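Let's take a walk through a protein fold together. Have a look at the picture first, then read on.

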Amino acid sequence: MKVVVTAAVYEFLENLVITLYKQEYFGFEEDARKYVDELYDDITQTLPTRLKKPAPQHYDKYGSGLYYVIFKKSKRTSWYAFFRIYQKDGERYYQVRHIGNNHTEAQHL
């Protein structure tokens, strides 16, 4: 099984580094990069083993039949990865199509 992210998700994560640094969540850009890299690694390495839930209809704009899992990063912040599962050439893929956190997504879940 493989976890892949769409170009839009990859771009979001790259922009997240800059946002976290500029909004002073981290004092150094390197620390913001480390945080995002760890989030990415957690998603790509553990997503298939986590308890998945069906995504609400609100998320159909990212694709139909999506699921989501939660990645708790601190007492105040949880990240949600929205993905679809498909088979190709006998291998199972988890395609991450959207990422958000509890500050932006909780009202929809």
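Is Phe12 buried, partly exposed or exposed? Phe12 has a relative accessible area of 32%, so Phe12 counts as partly exposed. Keep in mind that you are looking at a predicted model. We'll come back to Phe12 once the overall layout is clear.

**The sheet**

Let's begin with the strands. There are five of them in an open sheet, and the order across the sheet is β1-β5-β4-β3-β2, with mixed pairing. At the edges you'll find β1 (residues 2-5) and β2 (residues 53-54); each has a single partner strand, so one side of each has no neighbour in the sheet.

Now look at how the strands pair up. β1 and β5 run parallel and share four bridges, and here Val5 sits opposite Val96 of β5. β4 and β5 are antiparallel, joined by ten bridges. In this pairing, Phe82 faces His98 of β5. These two strands also make a hairpin with two residues between them, and Asp89 in the turn has a positive phi of about 50°. Moving along, β3 and β4 are antiparallel too, with six bridges, and Val69 is opposite Ala81 of β4.

How many of the eleven residues of β5 are buried? Eight are, which leaves β5 mostly covered.

**Helices across the sheet**

Two helices to find next. α1 lies across β1, β4 and β5, and its direction makes an angle of about 40° with β5. α2 lies across β1, β3, β4 and β5, running at about 135° to β3.

Ala32 is a nice spot to zoom in on, and you'll find it in helix α2. Its relative accessible area is 0%, so Ala32 is buried. What does Ala32 touch, apart from residues up to four places away in sequence? The answer is Val17, Leu20, Tyr21 and Phe26. Ala32 and Glu14 are 18 residues apart along the chain, and 10 Å separates their C-alpha atoms.

**The nonpolar cores**

The largest nonpolar core holds 20 residues, and Ile43, Leu47, Phe71 and Val96 have the most contacts inside it. At least two residues of this core come from each of α1 (7-22), α2 (29-46), β3 (67-72), β4 and β5 (91-101). Take Ile43 as an example: leaving out residues up to four places away in sequence, Ile43 touches Val3, Phe71, Ala81, Val96 and Ile99. There is also a second, separate core of six residues, with Tyr59, Leu66, Tyr68 and Tyr80 among them.

**Rings meeting rings**

Aromatic side chains turn up a lot here: the whole structure contains nine aromatic pairs. Two of these pairs are set out below.

| Pair | Arrangement | Centre to centre | Angle between planes |
|---|---|---|---|
| Phe12 and Trp79 | edge-to-face | 6.3 Å | 65° |
| Tyr67 and Phe83 | tilted | 6.1 Å | 35° |

Back to Phe12, as promised. Phe12 belongs to helix α1 and Trp79 to strand β4, so this pair links distant parts of the chain, 67 residues apart. How accessible are the two partners? Phe12 is partly exposed at 32%, whereas Trp79 is buried at 3% relative accessibility.The pair of Tyr67 and Phe83 also links distant parts of the chain: Tyr67 is in strand β3 and Phe83 in strand β4, 16 residues apart. Tyr67 is partly exposed, with a relative accessible area of 28%, while Phe83 is buried, with a value of 1%.

Elsewhere, Tyr59, Tyr62, Tyr68, Tyr80 and Phe82 come together as one aromatic cluster.

Two lysines belong in this part of the tour as well. Lys52 lies over the face of Tyr67, 5.2 Å from the ring centre. Lys73 lies over the face of Tyr35, at 5.6 Å from the ring centre.

**One last stop: Ser78**

Finish at Ser78, which lies in strand β4 (residues 78-88). Is Ser78 buried or exposed? Its relative accessibility is 9%, so Ser78 counts as buried. Not counting its neighbours within four places in sequence, Ser78 is in contact with Ile70, Phe71, Lys72, Lys73, Gly100, Asn101 and Asn102. Try finding each of these in the picture.

Technical notes
Residues are numbered from 1 along each chain as its sequence is written. This is a predicted model: local features need pLDDT of at least 70, side-chain atom pairs count only at pLDDT 80 or more; totals for chains, interfaces and linings use all residues. Side-chain values use heavy atoms; hydrogens and water are left out. Buried means under 20% relative accessible area, exposed over 50%, partly exposed in between (1.4 Å probe, protein chains only). Contact means heavy atoms within 4.5 Å. A nonpolar core is a set of buried Ala, Val, Leu, Ile, Met, Phe, Trp, Tyr and Cys residues joined through side-chain atoms within 4.5 Å. Rings of Phe, Tyr and Trp (its six-membered ring) pair if their centres lie within 6.5 Å; planes under 30 degrees apart count as stacked, over 60 as edge-to-face and the rest as tilted. A charge sits over a ring if NZ of Lys or CZ of Arg is within 6 Å of the ring centre and within 35 degrees of the ring normal. Two strands pair if DSSP finds at least two bridges between them. Axes are lines fitted to C-alpha atoms, for helices over the stretch in contact, and angles run from 0 to 180 degrees between N-to-C directions.
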